[in-house]
Amino acid sequence: MKQRVLSGMRPSGKLHLGHLHGVLDNWKKLQEAYDSFFFVADWHALTTNYETPYTIPQNISEMVLDWLAVGIDPEKATIFVQSDLKTHAELHLLLSMITPVSWLERNPTYKEQQEQLKEKDLATYGFLGYPVLQAADIIMYKANKVPVGVDQLPHVELTREITRRFNYLYGEVFPVPDALLTEVPKLPGLDGRKMSKSYGNSIFLSDSPDAIRAKLKTMVTDTERPMKNDPGDPEKRCVAFNLHKLYLPKSRCEEIVTDCKAAKLGCVACKKELAEAIVSFLAPVHERRKAFAKKASLVINVLQEGARRAMTVSEKTMSDVREALWSQHVR
Ligand code: TRP
């Protein structure tokens, strides 16, 4: 039997190159080898966006279109939306009974996010319980592996602790899942900070060729090379060169290094070349996205079928859970 992987993404709307290389490339590989479940964590989005819930549904369909356009395949993976599976709410509730508040207060992302999103009041019960909901998502499908980036490791660790506690109290219902740490290539945004929608420095998968060209013109290069006649050092100092390494052949990158160091190649031309490489890289993604977006019912059908498949598994798990809980006798 194939091992099972499960991972989720909050519906943040259109995805950018960081999501593609940081997450989706990995999901594409995993769907070939594992029984894969990939879902939209819309209730998790609500923990921080509860004041604007109306933004979430639109974001879901945009994001799922991007998944399909890059090659996440509904024939290979089960793709669904969290809130279509009410069982996640039931399991979340039951897990909340056995999760010590101190474990949640200790969770590093709890404090960090509150600091980062100062404009929002995140002193809520739901936000504190974010990792409990995530634990429910994961063990609902008895997943063996959870592909995540480093930022999510504390949540997987908490999932493991909650799982052990459940099994200890009520019997061995769940396998303890392992994190599958995703190696992420360095992909800075236009300004040199990590590519992130909230920094406004992203290249989106759905950006038009002209938008990509315009954005690349503004990208930071080697700040210690103010003039074309100054020699640069792309490997040490150039922000844009991280992208050259992803989208241009290795041999061409080597030439660029030589020419930049010799002050023969200017940043404007060099970024133009990069823009064209990204445009051609994204061309097939755009074509698929356009074709999929035309079929109005496509995303709806994929998510309905995914929910149906997920429901079968999650109903079975919940009956195991209820059995373990309620068939206990006085010891
Ligand atoms: N918290 C995850 C994130 O922000 C999203 C998520 C929710 C998730 N449930 C999950 C990831 C279960 C993996 C497994 O990226």
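Colleague: At roughly what angle do the axes of helix 3 and helix 14 cross, and within what distance do they come?

Modeller: Two packed helices are described by the angle between their axes and by the distance between those axes. In this predicted model, the axes of helix 3, residues 56-70, and helix 14, residues 267-294, come within 8 Å and cross at roughly 130°. Angles over 145 degrees would count as roughly antiparallel and those from 65 to 115 as roughly perpendicular, and helix 3 and helix 14 are therefore oblique to each other.

Colleague: Is the crossing of helix 3 and helix 14 left-handed or right-handed, and which residues meet there?

Modeller: The crossing of these two helices is right-handed. On the side of helix 3, the residues in contact are Glu62, Leu65, Asp66, Leu68, Ala69 and Val70, and they meet Val285, Arg288, Arg289, Phe292 and Ala293 of helix 14. Sorted by class, this contact has seven nonpolar and four charged residues, with no polar ones.

Colleague: Turning to empty space, how many cavities of 30 Å³ or more are there, and which residues lie nearest the centre of the largest cavity?

Modeller: Rolling a probe the size of a water molecule over the atoms shows where empty space is left. Here the count comes to one cavity of 30 Å³ or more, and about 100 Å³ of space lies in the largest cavity. Its lining comprises 15 residues, of which Arg225, Cys238, Cys260, Cys267 and Cys270 lie nearest the centre. Helix 12 (241-247), helix 13 (250-261) and helix 14 each give two or more residues to this lining, and the largest share, three residues, comes from helix 14. By class, the lining of the largest cavity has nine nonpolar, three polar and three charged residues.

Colleague: How much space lies in the second largest pocket, and which residues line the part nearest its centre?

Modeller: The second largest pocket holds about 390 Å³ of space. It is lined by 17 residues, and those nearest its centre are His92, Tyr125, Gly126, Gly129 and Tyr130. The elements giving two or more residues to the lining are helix 2 (42-49), helix 4 (87-98), helix 5 (101-106), helix 7 (125-128) and helix 8 (130-140), with helix 4 supplying the largest share, four residues. The lining of this pocket divides into eleven nonpolar and six polar residues, with no charged ones.

Colleague: To finish with a single residue, where does Gln113 lie, and which residues does Gln113 touch beyond four places away in sequence?

Modeller: Gln113 lies in helix 6, residues 108-116. Leaving out residues up to four places away in sequence, Gln113 touches Arg10, Leu122 and Phe127. For the pair Gln113 and Phe127, the separation is 14 residues in sequence and 9.8 Å in space, C-alpha to C-alpha.

Technical notes: Residues are numbered from 1 along each chain as its sequence is written. This is a predicted model: local features need pLDDT of at least 70, side-chain atom pairs count only at pLDDT 80 or more; totals for chains, interfaces and linings use all residues. Side-chain values use heavy atoms; hydrogens and water are left out. Axes are lines fitted to C-alpha atoms, for helices over the stretch in contact, and angles run from 0 to 180 degrees between N-to-C directions. Angles under 35 degrees count as roughly parallel, over 145 as roughly antiparallel, 65 to 115 as roughly perpendicular and the rest as oblique. A crossing is left-handed if the near helix is turned anticlockwise from the far one by less than a right angle, and right-handed if clockwise. Contact means heavy atoms within 4.5 Å. Ala, Val, Leu, Ile, Met, Phe, Trp, Tyr, Cys and Pro count as nonpolar, Asp, Glu, Lys and Arg as charged, and the others, Gly among them, as polar. On a 1 Å grid over the protein atoms alone, a cavity is a set of points where a 1.4 Å probe fits but cannot get out, and a pocket is an open set with protein on both sides within 12 Å along at least five of seven lines; lining residues have an atom within 4 Å of a point. Grid points are joined across faces, edges and corners, and a volume is the space filled by probe spheres set on the points.
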